[in-house]
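Load the model in your viewer and keep the selection box handy. We'll go from stop to stop, picking something and looking at what surrounds it.

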Amino acid sequence: PAGETAKLSNFNAAASQISWSPAQELTFSTTTGVTADGLLYLPPNFDARRKYPIVVYIHGGPSDATMRIFDFWAQVMAARGWLVLRPNYRGSPNLGYRYQHAILYDPEEGPGRDIIAALDEVRRRGIVDSKRIAVCGWSYGGIMTAWLISKYHLWRVAVSGASVNDWITD
């Protein structure tokens, strides 16, 4: 009959056996006056009494946004026992015009402060191993990774992919 669904295959059966990482929404204050948001992926079998390594996984763009969708790399890192923080820093389009355009004439320091504010919000929960903090990103996320490692000296490891690190030669 019209409008009814029928299962045609068992293609994703293996995926149903995997313990996927739950993603929690989090909010954090910014100096723009906008309360920003992001996602925190927790390792499977998360225990709030333990401390975990964390990776700050920065989206590209900056006009991209972290959303509640399937995120392959966040899932891979969480499956390895990491907390995975995906903050929406200024420039992200999901929080309105004012927040998206707050990056104008401030392409690194402002977004960097937002990313650190998100990390500090997670650290306040007492679940972060402060000796194992990582940062990574691709494209604009790579630019922010390179900038963050030059300004904040708390990273154990960093991976900056497809980053413009010299604006003059670019």
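Start by selecting helix H1 and looking at the side turned away from its buried residues: the exposed residues there are Trp73 and Ala79. Exposed here means over 50% relative accessible area, buried means under 20%, and partly exposed is in between (1.4 Å probe, protein chains only). Helices (H or I, at least four residues) and strands (E, at least two) are DSSP runs numbered from the N terminus.

A word on the ground rules: this is a predicted model, where local features need pLDDT of at least 70 and side-chain atom pairs count only at pLDDT 80 or more, while totals for chains, interfaces and linings use all residues. Residues are numbered from 1 along each chain as its sequence is written, and side-chain values use heavy atoms, with hydrogens and water left out.

Now flip to the other side of H1 (residues 72-79). Which residues of H1 are buried? They are Ala74, Gln75, Met77 and Ala78. Looking down the axis of H1, these buried residues fall within an arc of 165° (taken from the directions from the helix axis to the C-beta atoms), so they line one face of the helix. Show strands E2 (35-41), E3 (52-58) and E4 (83-87) too, as they are among what covers those residues.

Zoom in on the two ends of H1. At its start, a side-chain oxygen of Asp71 comes to within 3.3 Å of the backbone nitrogen of Trp73. After H1 comes Gly81, with a positive phi near 100°.

Next, color the sheet. It is open, with 6 strands in the order E1-E2-E4-E3-E5-E6 and mixed pairing; two strands pair if DSSP finds at least two bridges between them. The edge strands, each pairing on one side only, are E1 and E6 (157-161). From one strand to the next, the twist averages 25°. Pick E3 and E4: they run parallel and are joined by 3 bridges. Val56 has Leu85 in E4 as its bridge partner.

Add helix H3, which packs on the sheet and touches E1, E2, E3, E4 and E5 (contact means heavy atoms within 4.5 Å); its direction makes about 120° with that of E1. Helix H4 also packs on the sheet, touching E3, E5 and E6, at about 140° to the direction of E5. Axes are lines fitted to C-alpha atoms, for helices over the stretch in contact, and angles run from 0 to 180 degrees between N-to-C directions.

Now for the inside. Which residues have the most contacts inside the largest nonpolar core? Select Leu83, Leu85 and Val122, in a core of 31 residues. Such a core is a set of buried Ala, Val, Leu, Ile, Met, Phe, Trp, Tyr and Cys residues joined through side-chain atoms within 4.5 Å. The largest share, 6 residues, comes from H3. A second, separate core has 11 residues, including Val55, Met77, Val84 and Ala134.

Last stop: Ser92, in the loop between E4 and helix H2 (97-101). Its relative accessibility is 0%, so Ser92 counts as buried. The side chains of Ser92 and His59 share a polar contact of 3.0 Å. That term covers a pair of N or O atoms within 3.5 Å; within protein, one must be able to donate a hydrogen and the other to accept it, and residues adjacent in sequence count only if both atoms are side-chain atoms. Beyond four places in sequence, the contacts of Ser92 also include Pro62, Asp64, Tyr99 and Gln100.
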